[in-house]
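I opened this model to look up its aromatic pairs and one strand pairing. My notes are below the display.

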Amino acid sequence: SKVTRLGQGAFSGAEDVAVDSQGRIYAGAIDGKIFRFPAGSAGQPEFFANTGGRPLGLKCDKSDNLIVADCKKGLLSIAQNGTITTLSTEAN
């Protein structure tokens with residue numbers, strides 16, 4: 001099957017991707033920036049948010065908030081307007 005590489009050269013260090021209900025793809029870079037790719041397109045990524053840390057795991061919740069496991073900042077929730085909320089900074 002045919003494979004299309006998205007964002008080649010635009011950023012580096014993506015550990016995970018997430019897809020929201022609209023089909024947009026999110027990827028986090030090594031410098032803390034998170035990029036979003038348009039749905040159904042191999043277009044260029046747009047800047048979405050910057051955690052200021054190192055985003056590793058990504059998942060969209062039922063409201064399309066991006067849940068981010070960031071190894072420096074903790075567990076974060078990022079709303080569609082880019083507002084970042086810290087959910088947890090420690091684990092038991």
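The entries take the aromatic rings first and a hairpin second.

Entry 1, aromatic pairs. I am working from a predicted model. I counted pairs of rings with centres within 6.5 Å, and the count came to 2 aromatic pairs.

Entry 2, Tyr26 and Phe48. I looked up how these two rings are set against each other. Their centres lie 5.2 Å apart and their planes meet at 70°. Over 60 degrees counts as edge-to-face, so I noted the pair of Tyr26 and Phe48 as edge-to-face. The pair links distant parts of the chain, as Tyr26 belongs to strand β2 (residues 25–28) and Phe48 to strand β4 (residues 46–50), 22 residues apart. I then checked accessibility. Tyr26 has a relative accessible area of 0% and is buried. Phe48 is at 8% and also counts as buried.

Entry 3, Phe35 and Phe47. I found this aromatic pair to be edge-to-face, with 6.4 Å from centre to centre and 80° between the planes. Phe35 is in strand β3 (residues 33–37) and Phe47 is in strand β4, with 12 residues of separation, and this pair too links distant parts of the chain. Phe35 counts as buried because its relative accessibility is 12%, and the cut-off is under 20%.

Entry 4, the hairpin of β5 and β6. I asked how many bridges join strand β5 to strand β6. There are 5 between β5 (residues 55–60) and β6 (residues 66–70), and the two strands run antiparallel. Cys60 stands opposite Leu66 in β6. The hairpin has 5 residues between its strands, and I noted a positive phi near 65° at Asp64.

Note on methods
Residues numbered from 1 in each chain as written. Predicted model: local features only at pLDDT ≥ 70, side-chain atom pairs only at ≥ 80, totals over all residues. Heavy atoms only, no water. Phe/Tyr/Trp six-rings, centres within 6.5 Å; stacked < 30°, edge-to-face > 60°. Buried < 20%, exposed > 50% of the residue type's maximum accessible area, 1.4 Å probe, protein only. Pairing = 2+ DSSP bridges.
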